[in-house]
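Please open the model in your viewer and keep the selection tool at hand. The tour moves from the whole chain to individual rings.

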Amino acid sequence: MALGSVIIVGGGMAGFAAARELRVRGFSGRVTIIDPEGMPYDRPPLSKDYLLGRKSPQQLLLAEPAWFSEQDIAVVTGKAAALMPDEGIVLLADGRSLAADKIVLATGAVPRRLEIPGADTGSVLELRNRDDADKLRALLRPGVRLAIIGAGLIGAETASAALALGAQVTLIDPVSPPLVPAVGAHLAGRLHAMHAARGIEVITGVPAAITTDPSGSTITLAGGRTVSSDQVLVGIGVAADATLAASAGLDTDNGILVDERQRSSHPNIYAVGDAARVRLPDGRLLRRAEHWEHARNTGATAAAALLGQELPNHGASWFWSDRHGVHVEGVGSMAGDGTVVVRERNGLPVASFRLDVAGYMLGCAAVDGGLLVRAARRIIDRGILVDPAKLADPDVDLRKMAR
């Protein structure tokens, strides 16, 4: 039976990409996006330009409202409460129900909870959506003491923005330095050291409890040390939002399990973005990805699969982050076995490369090195054998090695 209608649950990048790609690929049937916040908007700026006031809510939108009208894509403001996969029905929390031939779950992820006493009070902040960013920005003013638990990408980005807004920032993480699996030990060390160099108090420790009273909050660390603050933000990563899928009987395991076509265990349901996790034909589960480009790519893959078209080849995964005026990018994987080659300039590591035993590149990360990372991506995708000595030489243009 020809595909006539698609419902997409979730208005982040993955859901938006699926809708857009359906139209780009020639689908003329009914497309509906359901999201509690209405119009799809971009999340990465929340901890950067939006928090700093450099972007407005309108500038966060992934497309203008007129575009959705032009593309005949309906956007329904509402929360999906249940699925009826056999019937292709989505039940909303307000009692409405919508039906389609196929359903794409782009439910994203939710912040991981800090499982310690006092962390579940309303005074402990998180940063995942626009409302969270609005609330945090309203609280940040010169002199406010902000304690951030978690120094990964979100924690570091928020610390940088909060410092720029005049807050006194304390950054707490059990690992020093964080982000080694993402960028390698050398770059991770350089990036983490930037916090203290700019006046942020950096503490390596494990939070054990949070107590709050009218004067502020106190974080007690394992070992007894305490940290006083006016506000506490927890940014210890995210967990796949697979609640809707699990309640409908779909296979889940740290995400909604899908095949290489983004199809779940039910033929009517697909899943994309942070919520999805690929299960290979032999049963092995791939690591779930949580980056912006992955969300866009899986949305495109689902659209192609829904239309019975050839699946796109996306190449090595890519991510970026910003802190304290520097831009970080990574491609492939820096985690796992292999040889690490570090490129330095003026005594500072500017890029790291991970090679396998045969000398083929598996991953790369760089600070303010977008062109270098782009070249590294071509090297990875094309399987080009590289000379480690040239990788380490800051005067060698990596683009020449990628030809």
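The stops below begin with the overall fold and continue with an annotated span, aromatic pairs and charged side chains over rings.

**The whole protein.** Please note at the outset that this is a predicted model. Select the entire chain in cartoon view: 12 helices and 25 strands are present. The radius of gyration is 22 Å, close to the 22 Å that the globule rule gives for 403 residues, so the protein is as compact as a globular protein of that length. Turned along its principal axes, the C-alpha trace spans about 60 × 60 × 40 Å.

**Surface and interior.** Switch to a surface display. The protein exposes about 17800 Å², and carbon and sulfur atoms supply 50% of that area. Of the 403 residues, 49% are buried. Among contacts with a separation of 6 or more, 59% are made by residues 24 or more positions apart.

**The annotated span.** Next, select residues 5-299, which UniProt lists, in an unreviewed entry, as "domain: FAD/NAD(P)-binding". The C-alpha atoms at the two ends of this span lie 16 Å apart. Helix accounts for 25% of the span and strand for 29%.

**The first ring pair.** How many aromatic pairs does the structure hold? There are 5. Select phenylalanine 16 and tryptophan 67 as sticks: their ring centres are 5.4 Å apart and their planes meet at 50 degrees, so the pair is tilted. This pair links distant parts of the chain, with phenylalanine 16 in helix 1 (residues 13-24) and tryptophan 67 in helix 3 (residues 65-70), 51 residues apart. Is phenylalanine 16 buried or exposed? With a relative accessible area of 3%, phenylalanine 16 is buried, because the limit for that class is under 20%. Add Phe68 to the selection: ring pairs link Phe16, Trp67 and Phe68 into a cluster.

**The tryptophan pair.** Move to tryptophan 318 and tryptophan 320. Their ring centres are likewise 5.4 Å apart, but the planes are at 25 degrees, so this pair is stacked. Tryptophan 320 counts as partly exposed, at 22% relative accessibility.

**Arginines over rings.** Finally, display two tyrosines with their arginine partners. Which residue lies over the face of tyrosine 41? It is arginine 43, at 3.9 Å from the ring centre. Then select tyrosine 50, where arginine 137 lies over the ring face at 4.7 Å from the centre.

Terms used
Residues numbered from 1 in each chain as written. Predicted model: local features only at pLDDT ≥ 70, side-chain atom pairs only at ≥ 80, totals over all residues. Heavy atoms only, no water. Phe/Tyr/Trp six-rings, centres within 6.5 Å; stacked < 30°, edge-to-face > 60°. Helix = DSSP H or I, 4+ residues; strand = E, 2+ residues; numbered from the N terminus. Buried < 20%, exposed > 50% of the residue type's maximum accessible area, 1.4 Å probe, protein only. Lys NZ or Arg CZ within 6 Å of the ring centre and 35° of its normal. Rg over C-alpha atoms; globule rule 2.2 N^0.38 Å. Contact = heavy atoms within 4.5 Å. Areas by Shrake-Rupley, 256 points an atom, 1.4 Å probe, with all protein chains shown as cover. UniProt positions renumbered as here; feature names shortened; annotations may be inferred.
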